[in-house]
Amino acid sequence: MGENQRKVPFEKQLASINTDYVRSIERQENRKQAKKLRLFRRLSIFGVMSVVIIGILISTLINSNNALEEKRKKKEQVTEELAKVQEEQELLKLQISKLNDDEYIGKLLRRDYFLSEEGEIIFALPDSIEK
């Protein structure tokens with residue numbers, strides 16, 4: 001008989017009191033556990049949503065910074081190109097103003113096409129050879 005008692009778990013050896021008070025306490029404990037479970041679920045969902053939203057915001061921030069950096073590089077390139085074009089424009093304006101001068105045009109014609117004015121003799125000299 002001693003062996004039979006040893007094989008029965010301890011929880012089954014205790015008798016439960018089944019009164020209204022005990023049932024109300026059990027209901028209260030069940031409600032508290034249910035509230036804790038719902039709170040845990042809500043906090044878990046809130047945490048997951050927070051992580052997702054923070055991830056989206058960080059992703060957006062990184063993409064914006066990358067786009068901004070690309071635009072800065074493009075601006076630098078365009079600024080350099082603008083400086084070159086403005087310099088070229090100044091040279092072309094200078095050339096236009098020179099081409100409006102008759103003496104400059106005469107000098108170009110004499111140099112490039114060996115044209116001469118009346119009474120002028122043109123001598124073509126060989127280029128100097130470096131020693």
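On the surface of this predicted model, a patch of positive charge brings together Lys35, Arg38, Arg41 and Arg42. One of its members, Lys35, sits in helix α3, the stretch running from residue 20 to residue 99. How open is Lys35 to its surroundings, buried or exposed? Its relative accessibility comes to 55%, and since anything over 50% is taken as exposed, Lys35 falls in that class.

Stepping back to the fold as a whole, the protein has four helices and zero strands. Read from the N terminus, the order of elements is simply α-α-α-α. There is little in the way of buried residues: they account for 2% of the 131 residues. The accessible surface adds up to about 13500 Å², with carbon and sulfur atoms supplying 58% of that area.

As for how far the prediction can be trusted, the mean pLDDT of the protein is 86, and 85% of the residues reach 70 or more. Confidence is not spread evenly over the elements, though. Helix α1, covering residues 2-7, has the lowest mean pLDDT of the elements, at 53, while α3 has the highest, at 96. Where pLDDT is low, the predicted coordinates are not something to read in detail. The patch member Lys35 belongs to helix α3, the element with the highest mean value.

Which charged pairs turn up as salt bridges? Across the whole structure, the search comes back with two of them. One joins Arg23 to Asp20, with 2.2 Å between the closest N and O atoms. These partners are three residues apart in helix α3, so about one helical turn separates Arg23 from Asp20. The two ends of this bridge fall into separate accessibility classes: Arg23 is partly exposed at 31% relative accessibility, whereas Asp20 is exposed, with a relative accessible area of 56%.

The other bridge pairs Glu69 with Arg72, and here the closest N and O atoms are 3.8 Å apart. Again the setting is helix α3, with Glu69 and Arg72 three residues apart, or about one turn of the helix. Glu69 counts as partly exposed, its relative accessibility being 37%. Arg72 is partly exposed too, at a relative accessible area of 46%.

The surface also carries a nonpolar patch. Leu99, Ile105, Leu109, Tyr113 and Leu115 make it up, and together they cover about 460 Å². Which element gives the largest share of the nonpolar patch? That is helix α4, residues 102-113, which contributes three residues. Leu115, by contrast, is found in the segment that follows α4. With a relative accessibility of 44%, Leu115 counts as partly exposed, because the value lies between the 20% and 50% cut-offs.

Taken together, the surface features include a positive patch with Lys35 among its members and a nonpolar patch drawing its largest share from helix α4. Alongside these patches, helix α3 holds the salt-bridged pairs Arg23 with Asp20 and Glu69 with Arg72.

Key. Residues are numbered from 1 along each chain as its sequence is written. This is a predicted model: local features need pLDDT of at least 70, side-chain atom pairs count only at pLDDT 80 or more; totals for chains, interfaces and linings use all residues. Side-chain values use heavy atoms; hydrogens and water are left out. Patches are made of residues with over 30% relative accessible area and no salt bridge: like charges are joined within 9 Å, nonpolar side chains (Val, Leu, Ile, Met, Phe, Trp, Tyr) within 5 Å. Accessible areas come from the Shrake-Rupley method with a 1.4 Å probe; for residues, only the protein chains shown count as cover. A salt bridge is a side-chain nitrogen of Lys or Arg within 4 Å of a carboxyl oxygen of Asp or Glu. Lys and Arg count as positive and Asp and Glu as negative; His and the chain ends are not counted. The place of a charge is taken as NZ of Lys, CZ of Arg, CG of Asp or CD of Glu. Helices (H or I, at least four residues) and strands (E, at least two) are DSSP runs, numbered from the N terminus. Buried means under 20% relative accessible area, exposed over 50%, partly exposed in between (1.4 Å probe, protein chains only). pLDDT is the predictor's confidence in each residue, from 0 to 100.
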